[in-house]
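Please look through the sequence and the model below before reading on. The paragraphs that follow lead from one helix to the place where two chains meet, and then into the second of those chains.

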Amino acid sequence: MRKYYDQITRIAGNVVTVTATGIGYDELAVITTDRGTSLAQVIHLEGDQVSLQVFAGTQGVSTEDRIHFLGRPMQVPFSDKLLGRIFDGSGRPRDDRPAIEENFVDIGSPAVNPVTRRMPDKMVHTGIPMIDIFNSLVESQKLPIFSIPGQPYNELLARVGLQADADVIILGGMGLRYDDYLIFRQTFEDGGVLGRTIMFIHTAADPVVECLMVPDLCLAVGEQFALQNKRVLVLLTDMTAFADSLKEIAIIMEQIPSNRGYPGDLYTQMARRYEKAVDFDGAGSMTILACVTMPGDDDTHPVPDNTGYITEGQFYLREGRIDAFRSLSRLKQQVNDDTRDDHRAVMNACIQLYALCREAREKRDMGFEVSAWDQRLLTYGDLFEDRIMDLGVNIPLFEALDRCWQIMAECFEPEEVGIRRNILDAHWPTATPAATPAAS
Amino acid sequence: MNGRIVAVYGNMVIAETPGRVVQNSIAYCCRRDGARLLSETIRIRGSLADLQVFEETRGLHVGDEVDFQDEMLSVVLGPGLLGQIYDGLQNPLPQLAEEVGYFLEPGRYIHGLDTEKTWAFTPTAAVGDAVGAASKLGTVPEGIFTHEIMAPFDLDGTWTVAEIAGAGDYTIEKEIAAVTGPDGQRRSVTMQQKWPVKRALRICRRRLMPTEPLVTGVRIIDTMFPIVRGGTYCIPGPFGAGKTVLQQITSRHAEVDIVIVAACGERAGEVVETLREFPELIDPRTGKSLMERTIIICNTSAMPVAAREASVYTAATLAEYYRQMGLNVLLLADSTSRWAQAMRELSGRLEEIPGEEAFPAYLESRIAGFYERAGAVELNDGRIGTLTIGGTVSPAGGSFEEPVTQGTLKVVGAFHGLSRVRSDARRYPAIDPLDSWSKYTGFIDADKVAEVRALLTRGHEVQQMMTVVGEEGTSIEDITISLKANFFDDCYLQQNAFDDVDAATPADRQRFVFDKIIEVLRMDFAFADKEQARRTLVHANDLFFNWNYAATDSDDYKRILADIDAFIADKGESVAAETTAAK
């Protein structure tokens, strides 16, 4: 027989405290109010006082509403029927189709044993030179896109989703504007990938606790697909909204804030999610690409800062381009030495020259004399931005490398680009630089 | 001795018990499905004991049983530690994977050492010998080392060997000796013993001043900011500045006997890299796999937080154990900030009054206590053992003003500060050559190092000035200084961690290259104009840069060396002349 508890002793923020016994930590409960039912999760046990975070929020909850406990943690169904479906942060369908009630798995599974991971070594080709050449994306990598609001980060995310070769795409939307949700759906539909996409969408209008559930739902489902030998790509946007929800709950629970109001375990909470990215030894993989909006374009803000320490690199999106200096893929070394022998050399040389170009621009902008060398750097910078950095450029890796050589040859003598002799000899374009018409 | 759970909050449990509780002792929280979750008592108030649980607390109920033990959190020490991959509580991860598959399972623990394997024991002590704590009783071969079997570390005063096993193969659980104390009490000795992780294991005559340079193969460290065997150093740096790559390079090439890698609250992927690659890599000094000299303690960021706090102590204890055998041990902790954050999380749950950035007030003393476990010691038999500790720090927002960095800087002997500006410009290793410091002396003449530092400082000043007055307002002498500083930076301080040759430079080669480079730096060029100066230094740059990639004494190496010597001999005049001709 179902046991109901109705002695609610405290309601604050999204947290309800009820008098109950025999309740397990992290257990799930259902709270029934005049407005309907909502899921809730145990977050604190003390004697017979059980605190629950209520997914739908506590607005309208009365002190006599009924709660019953399910005796299990939060779960999500898992089957191929999920493909093409859209759910909300409680796991309910958002697409007017019937709920899936089979094969439930717990969310928030324990960590993967590190010795059962394999070394990531498969490059994910995206057709975006700033990623493919300079910061290659690797299967099982976790990589955020740091961006200020207003930059086309969701478009970039969607484009990678479309162009990367993955078996299953899982989109987790947190605090998403409704229009953005519709755009994602439209883009995936037009791109013909909707049939292998699963979406868990929390929009800005939905209750804040549901936002907290979105990454766990996405990753629990993704993990199951990966165990079935699938290559899964999880797209999360926006992780800052997730962190803000954490902050909200932590403050209600009277936790001592550590930095700008965020709880002391922000790092751990985010790491537990990002670390789900995995390449199983003997099964599939899960790659995570996430958007992190930086309040005030400040990457020392706790959310991007902690994210940077967790993820395997980061892309900065600035002025509609992927920033050449700050962006970093930590796993690129695993894949970029067996693409083509000149890949690493070109990667390093182009960035170093671009850094010199930046100095030359500063000089020019301050009205100083620009030397002949500076002039060449300036030309180089413009060509590089135009033909390589522009997000509109969509070419395969080798073509992009050739294009870099071409640009260097147009601007410099071989010994000026800082590339080792044997690689120079093999790849330096043979036509006299000056005679080469500007290619594009 | 039993108690009952009265509250659960995150990884903290409060248990009520009528009996005796020992502070910092371990306890097991018993889940209803039979799993026993390891915990540590961290505060006692009346009949309430606060426990930090080393696992996820999901599924614990108020009223569940808690089984209190007397012993503190300990590790088992004995032959078979080398080459192991442990979690923060010394569970061997490969065995866990065999038993439970892809995921870790709360409450599943495995003995840290293989209890069935036999080791070829050779006694060195005889019946009647007087022994004390850590006295050598015998040896077993462990890979490339002679592993010493020592008398129990907690022996008090002088004991006598009453029995000792003959040479033969024994498991670590088999009695190999017995000792009797002053009052005639008998104590059985096996090849394994336990030691509490939070107590330093240091049984020695005295601590020594660490002076012997520890060669890492990283030029900017060995030459400019050296570390020594038995010393401490820290590497703070913003994310993406190359802390972990630097640690990995050091773990491969450092000239020590044993390396212990403590991956504390960091990415699992990085550990995977180490544990997949190390068995394949050959240690040039022993000809054996690098894994034979390595122990990996791996408590990645997704693994339970409390165990992260324990993991650095586990690593330090294993390191001290091998120091006790007269070996040189290097402990690399990546990252101590994660360890500090674990303390902060716990402190928050205990509702302690927070210090700066909510870190607990005892943060600095804990950091100091950890680094103080390093040191060179003269053992009781006169041999010397060293433990060097290098820790990375991941400061919030990349600012070194935060409490963990500041607490660390007070207690370490060398500071290798990574700079965002350098890493953005892909100048790796991104150790800032102006801000970093070391209190130790390396193998390169200190005067020469000071000379180069002065040049770098001056070069930096010129570059700052040039951003204000422009190149045209700068004298050719100043420009030459700036170019020379850049040249030294490019060709000596920077190093390519992903190139087989350039990744690590042995001490001999460092001395030789450094002397060549300083010849160039000291040269009095007579440049006609700035473009000529730039071209000449670019040429020198090109020579030394390619030289770094050439294997020592290879044909390339010799050819480039000849070019360099020619360049030095004619003071770069032929290059300068070419430039003029080209005009």
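## A helix in chain B

In this predicted model, helix α13 of chain B is mostly covered, since 15 of its 20 residues are buried. The helix runs through residues 530-549 of chain B, and its length can be checked with simple reasoning: at 1.5 Å a residue, its 20 residues should span 28 Å, and because the end C-alpha atoms are 29 Å apart, the expectation and the model agree.

Chain B also carries an annotated stretch, for UniProt lists residues 450-512 of chain B, in an unreviewed entry, as "domain: ATP synthase A/B type C-terminal". In the model this span is 70% helix and 0% strand, and the C-alpha atoms at its two ends lie 17 Å apart.

## Where the two chains meet

How many residues does each chain bring to the contact between chain A and chain B? The contact takes 62 residues from chain B and 62 residues from chain A. On the side of chain B that touches chain A, the elements giving two or more residues are β1 (2-9), α1 (93-100), α4 (268-277), α6 (336-349) and the helix α13 described above. The largest share of that side comes from α4(B), with seven residues. Sorted by class, the side of chain B that touches chain A has 31 nonpolar, 15 polar and 16 charged residues.

The strand β1(B) is also joined to chain A by pairing, as two bridges link it to β4(A), and the two strands run antiparallel. One residue in this pairing is A:Leu45, whose bridge partner in β1(B) is B:Val8.

## Chain A and its domains

Following β4(A) leads into chain A, which has 12 helices and 22 strands, and whose C-alpha trace spans about 85 × 45 × 40 Å along its principal axes. Of the 440 residues in chain A, 52% are buried. Among the contacts in chain A with a separation of 6 or more, 71% are between residues 24 or more positions apart.

Chain A is divided into domain 1 (8-73), domain 2 (76-330) and domain 3 (343-435). The C-alpha centres of domain 1 and domain 2 of chain A lie 28 Å apart, and 13 residues of domain 1 are in contact with 11 residues of domain 2. On the domain 1 side of this contact, the elements that give two or more residues are β4 (36-46) and β5 (49-54) of chain A, and β4(A) gives the most, with three residues. The residues on that side divide into eight nonpolar, five polar and no charged.

For residues 127-319 of chain A, UniProt gives the name "domain: ATPase F1/V1/A1 complex alpha/beta subunit nucleotide-binding" in an unreviewed entry. This span is 41% helix and 27% strand in the model, and its end C-alpha atoms lie 20 Å apart.

## A closer look at one residue

A:Pro302 is found in helix α7 of chain A, which covers residues 302-310. Is A:Pro302 buried or exposed? It counts as buried because A:Pro302 has 22 C-beta neighbours inside 10 Å, and the cut-off for a buried residue is 20 or more. Leaving aside its neighbours within four places in sequence, A:Pro302 is in contact with A:Asn259, A:Arg260, A:Tyr262 and A:Leu266. The C-alpha atoms of A:Pro302 and A:Ala243 are separated by 9.4 Å, although the two residues are 59 residues apart along the chain.

Notes:
Residues are numbered from 1 along each chain as its sequence is written. Chains are lettered from A and ligands numbered from 1 in the order in which they are written. This is a predicted model: local features need pLDDT of at least 70, side-chain atom pairs count only at pLDDT 80 or more; totals for chains, interfaces and linings use all residues. Helices (H or I, at least four residues) and strands (E, at least two) are DSSP runs, numbered from the N terminus. A residue is buried if 20 or more other C-beta atoms lie within 10 Å of its own, exposed if 12 or fewer, and partly exposed in between; C-beta atoms are placed from the backbone. Two residues are in contact if their C-beta atoms, placed from the backbone, lie within 7 Å. UniProt positions are given in the numbering used here, feature names are shortened, and annotations may be inferred rather than shown by experiment. Domain bounds come from an automatic or database domain assignment. Ala, Val, Leu, Ile, Met, Phe, Trp, Tyr, Cys and Pro count as nonpolar, Asp, Glu, Lys and Arg as charged, and the others, Gly among them, as polar. The expected span of a helix is 1.5 Å times one less than its number of residues. Two strands pair if DSSP finds at least two bridges between them.
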